[in-house]
Amino acid sequence: MCGIIGYLGERSAAPIIMDSLKRLEYRGYDSAGVAIFDQDAGDLSVVKSASKVDTLVERLTEEMPAGRVGMGHTRWATHGRPTLINAHPHSDCTNKVVVIHNGIIENFAELRRELQAKRHVFVSETDTEVVPHLIEENFKGDLVTAVRESLRRLRGAYAMVIFSQHDPDLLIGARLNAPLVVGVGEKEWFIASDITAVIPYTKKVLLLGEGEMVAISSLGPQVSSMDGASVKPKIIDVKWDISQAQKGGYPHFMAKEINESADAVSNALRGRLADDGEVTLEEFGFTDRQLLKVRDIKMVAAGTSFYAALLGKYIIEDLARIPVEVEPASEFRYRQPIIDQDTLVVGISQSGETADTLAAIREARRLKAKVVSVTNVVGSSMALESDGVVYLHSGPEIGVASSKTFIAHITCLYLLGIRLAAVRHRLDPTRLKQLTAELKALPAAVQKVLDRAEVLQKLARKYAGYRNFMYIGRGINYPIALEGALKLKEISYLHAEGYAAGELKHGPIALLDKNFPVFAIATQGATLEKMVSNIQEVIARDAPVAALVTDGDHVLDEVAADRVEVPAVSEFLSPIPNVVALQLFAYFVACERGCNVDQPRNLAKSVTVE
Ligand code: AGP
């Protein structure tokens with residue numbers, strides 16, 4: 001959602017905050033703002049922009065505020081339109097307290113009324129603005145106490161950075177149901193929504209737990225709980241590299257990230273899959289005995305990660321023969337799911353912070369299920385709150401539309417499937433040997449798809465003018481049809497639907513005509529003949545057809561379709577090369593249409609509100 005960054009140290013705060021905000025912009029880009037305090041002059045500068053971080057940077061470049069402590073915010077609007085007045089930071093009546101916030105304060109209306117009755121004057125429509133006023137109201141000489149008392153009044157979700165001229169040597173951070181980390185540098189500290197903001201400055205990161213607060217002074221960070229008890233800080237070393245959070249010569253992060261797909265497979269496999277097929281998952285944390293007790297699996301996720309979870313059902317049921325149910329996390333939580341201590345709940349999330357998915361795994365744990373999260377972000381809330389974790393090891397993903405991490409999720413699900421199958425002796429040794437060899441060869445197949453990007457670019461040029469698209473797939477490639485459609489919708493704003501090819505004739509075929517193209521996944525597999533028939537049905541309705549086919553396959557030679565060849569891999573592993581082709585197609589269509597690929601309208605990378 002929103003991106004937040006705070007700095008306290010010996011350097012000039014403004015350039016560091018600007019730089020970090022650029023890296024946090026993928027979390028939201030409706031408006032931006034900074035507050036910098038100049039300790040020497042005793043001056044607090046607040047500068048805001050009603051649009052993106054770039055506009056703010058332009059303004060600040062003209063006149064960079066001095067000061068070694070400050071904060072910056074990039075907003076994804078929830079309460080109040082994206083206007084200057086609603087941009088963060090927000091202040092109290094005296095302009096001494098400034099606050100930036102990510103999350104939603106659910107009881108803000110009631111607090112606002114209470115504060116207005118005490119003559120506090122509000123200027124914005126945001127929920128956040130109650131916080132500086134509450135601190136103003138509660139301040140009796142000790143800032144930390146005033147902040148703690150104020151936070152105790154809040155319901156909902158927040159990650160915040162708070163500064164007050166009452167105690168200008170302090171920078172305070174707090175979190176509840178929203179992510180916040182503290183970067184620990186050499187005599188400097190950073191409070192940020194995520195690690196990407198701080199990696200150029202430090203690899204040492206303090207993980208703030210739920211309901212914890214950090215007060216940073218020149219002596220370092222003090223972590224405490226909301227009731228004031230001191231908490232021993234959890235510090236980790238982050239392995240991510242700054243180059244991974246830069247475009248590296250590509251026009252967009254998404255282009256770079258799609259091009260990292262082969263590495264995403266290799267990184268997810270590295271050190272985990274022995275030549276004999278034995279799978280070792282470092283932080284997974286379940287013993288064979290515990291795994292043997294698993295009677296059923298529920299997968300919860302959102303968006304692209306939900307489609308990865310759907311693939312997980314195909315993978316795990318096939319390999320381990322354990323029944324798997326997949327459900328959008330936002331539904332799971334509210335419908336009293338039937339689970340118990342013999343259910344393994346698998347949370348799939350790139351960020352590990354998606355509010356719906358986090359809430360779903362919390363509900364699962366409350367109901368005594370065991371929880372494993374498959375996530376990219378080390379130390380994310382889901383990772384911390386699960387019984388076991390499988391990390392993607394993809395490095396940061398900045399493009400709002402997921403690409404390489406979808407690939408890594410699927411790769412990890414193959415590993416999880418093999419691990420679960422092994423403990424039940426469900427996998428025939430010949431199949432395991434073959435699958436292991438195929439998985440190890442997968443990065444090369446993915447690279448071949450990437451090397452053929454030009455073919456997809458040409459195809460995108462041909463199809464970019466259509467307004468509607470249908471994606472169809474069968475079997476294990478059905479979730480890939482869904483993801484192909486989502487990718488196109490997200491970044492090119494074209495209407496696209498994903499369907500199981502066999503379902504087309506039961507209704508959606510009525511939509512098709514010469515202006516409604518169909519993208520068919522027609523690579524080698526058990527149902528290819530059926531897919532070819534479905535394509536014929538589409539062509540009979542005059543709809544243009546583009547199709548993914550396996551290298552050297554002549555099955556569509558006689559059919560009037562645009563063919564894109566992808567390397568031959570087994571049907572079981574084909575979702576990975578296939579989806580890379582669909583990601584490239586969506587990317588090129590979006591570029592043809594002049595869309596903002598990395599920051600699609602109305603979206604944010606990490607959705608930390610329900
Ligand atoms: C991906 O392209 C989307 N932007 C979105 O659907 C995303 O997958 C979803 O919000 C879940 O995010 P997560 O993987 O971080 O939980």
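These are my notes on the ligand site and the domain layout of a predicted model.

**Entry 1, domains.** I began with the domain assignment, which splits the protein into domain 1 (3-238), domain 2 (245-450) and domain 3 (452-592). I then looked up the separation of domain 1 and domain 3, and their C-alpha centres lie 46 Å apart.

**Entry 2, where the ligand sits.** I checked the pockets next. The ligand takes up the space of the largest pocket.

**Entry 3, the shell.** I listed the residues within 4 Å of the ligand. There are 13 residues around the ligand, and the closest are S305, S349, Q350, S351 and T354. Sorted by class, the shell holds eight polar, three nonpolar and two charged residues.

**Entry 4, helices in the shell.** I asked which helices each supply at least two residues of the shell. They are α9 (303-320) and α16 (478-492). With three residues, α9 gives the most to the shell.

**Entry 5, polar contacts.** I went through the ligand oxygen atoms. For T354, a polar side-chain atom lies 2.4 Å from an oxygen atom of the ligand. For S402, the partner is a polar backbone atom, 2.8 Å from a ligand oxygen atom. T304 also uses a polar backbone atom, and here the distance to an oxygen atom of the ligand is 3.1 Å.

**Entry 6, cover.** I closed with the accessible area. On its own the ligand has 410 Å² of accessible area, and the protein covers 93% of this.

Technical notes
Residues are numbered from 1 along each chain as its sequence is written. This is a predicted model: local features need pLDDT of at least 70, side-chain atom pairs count only at pLDDT 80 or more; totals for chains, interfaces and linings use all residues. Side-chain values use heavy atoms; hydrogens and water are left out. A polar contact is a pair of N or O atoms within 3.5 Å; within protein, one must be able to donate a hydrogen and the other to accept it, and residues adjacent in sequence count only if both atoms are side-chain atoms. Accessible areas come from the Shrake-Rupley method with a 1.4 Å probe; for residues, only the protein chains shown count as cover. On a 1 Å grid over the protein atoms alone, a cavity is a set of points where a 1.4 Å probe fits but cannot get out, and a pocket is an open set with protein on both sides within 12 Å along at least five of seven lines; lining residues have an atom within 4 Å of a point. A molecule sits in a cavity or pocket if more than half of its atoms lie within 2 Å of its grid points. Ala, Val, Leu, Ile, Met, Phe, Trp, Tyr, Cys and Pro count as nonpolar, Asp, Glu, Lys and Arg as charged, and the others, Gly among them, as polar. Domain bounds come from an automatic or database domain assignment.
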